[in-house]
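Please consider the model shown below, which is a predicted one. The paragraphs that follow lead through its features in turn.

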Amino acid sequence: IEGNPKLRIIPIVKPVRRGQSQYSSEIIVRKDSGIEHIADLAGKKLACVDTESTAGYLLAAAHLVRAGIPVNDPLLSHPHFLHQYGNVVLSVLFGKYDAGAVFEGAPAIFLKDREESRRDEIRVLAKSAPVPYEPITAIVGGALSEARAVEIQKSFLELNADSQILKKLQVNGFVEATQKEYDPIRNIVATVRRIPAARDVK
């Protein structure tokens, strides 16, 4: 931690959701949009959640840059932040934006009731590499020892036997987390920072 080299932030567990401990971002488009490849998105309008959303912005933006979209292309230099995944899905469905960045399976979750029959109008153009879910971390090196952090980790893992608590926490369970598996996210952030509109991303 900045200012105190003795302190370290370490991940101890990560949640499991929908049976997975990792997730991807999907870039969705309308089936009738004429957009068949990532290159077709150049100059188009991209709907995102916000600059701090991993699936709703960071993963998708990094994927687009690595796929060859220039960082100064309007698609990346002028993203449209709609603050909620449901807004992104609906904006693509109704043609307000050419593409949207969402978490895996978002259209099936947000297109309900009157819009449920229109799910087939949306398709996934591209999918990012998966990253682990956000970790629960511990700050060790000060009042909290590594041994105590291990005890806390065990306490979280023991929650896997309590379905009622897991239901309240809205997770399927917890699994161990390591520092190394979060290195790709640091690389993703570094890639996104190359985009002029996103240089303040942390």
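R17 is placed over the face of Y133, at 4.8 Å from the ring centre. Aromatic rings also meet one another in this predicted model, where the count comes to five aromatic pairs. One of them is formed by Y85 and F103, whose arrangement is edge-to-face, with 4.8 Å centre to centre and 75° between the planes. This pair links distant parts of the chain, since Y85 belongs to helix α3 and F103 to strand β6, 18 residues apart. Is Y85 buried or exposed? Y85 is buried, and F103 is buried as well. Through ring pairs, Y85 and F103 are joined with F110 in a cluster.

Strand β6, which carries F103, belongs to an open sheet of five strands. The strand order of this sheet is β5-β4-β6-β3-β7, and its pairing is mixed. The edge positions are taken by β5 (80-81) and β7; each has a single partner strand, so one side of each is left without a neighbour in the sheet. Strands of a sheet pair through backbone hydrogen bonds, in either a parallel or an antiparallel manner. Between β3 and β7 the direction is antiparallel, and five bridges join the two strands. Within this pairing, R30 has I122 of β7 as its bridge partner. Helix α3 packs on the sheet, where it touches β3, β4, β6 and β7, and its direction makes about 145° with that of β6.

The next topic is the nonpolar interior. The largest nonpolar core has 45 residues, of which I27, L41, L64 and V192 touch the most other members. At least two residues of this core are supplied by each of β3 (25-30), β4 (46-48), α1 (54-66), α2 (74-77), α3 (85-93), β6 (99-103), β7 (122-127) and α7 (183-192). Which element provides the largest share of this core? That element is α1, with nine residues. There is also a second, separate core of ten residues, and V140, L144, L166 and V171 are among its members.

A polar residue completes the account. Q153 is found in helix α5, which spans residues 146-158. The relative accessible area of Q153 is 14%, and buried means under 20%, so Q153 counts as buried. Leaving aside residues up to four places away in sequence, Q153 touches I12, V13 and E176.

Conventions:
Residues numbered from 1 in each chain as written. Predicted model: local features only at pLDDT ≥ 70, side-chain atom pairs only at ≥ 80, totals over all residues. Heavy atoms only, no water. Core = buried A, V, L, I, M, F, W, Y, C linked by side-chain atoms within 4.5 Å. Buried < 20%, exposed > 50% of the residue type's maximum accessible area, 1.4 Å probe, protein only. Helix = DSSP H or I, 4+ residues; strand = E, 2+ residues; numbered from the N terminus. Phe/Tyr/Trp six-rings, centres within 6.5 Å; stacked < 30°, edge-to-face > 60°. Lys NZ or Arg CZ within 6 Å of the ring centre and 35° of its normal. Pairing = 2+ DSSP bridges. Contact = heavy atoms within 4.5 Å. Axes fitted to C-alpha atoms, helices over the stretch in contact; angles between N-to-C directions.
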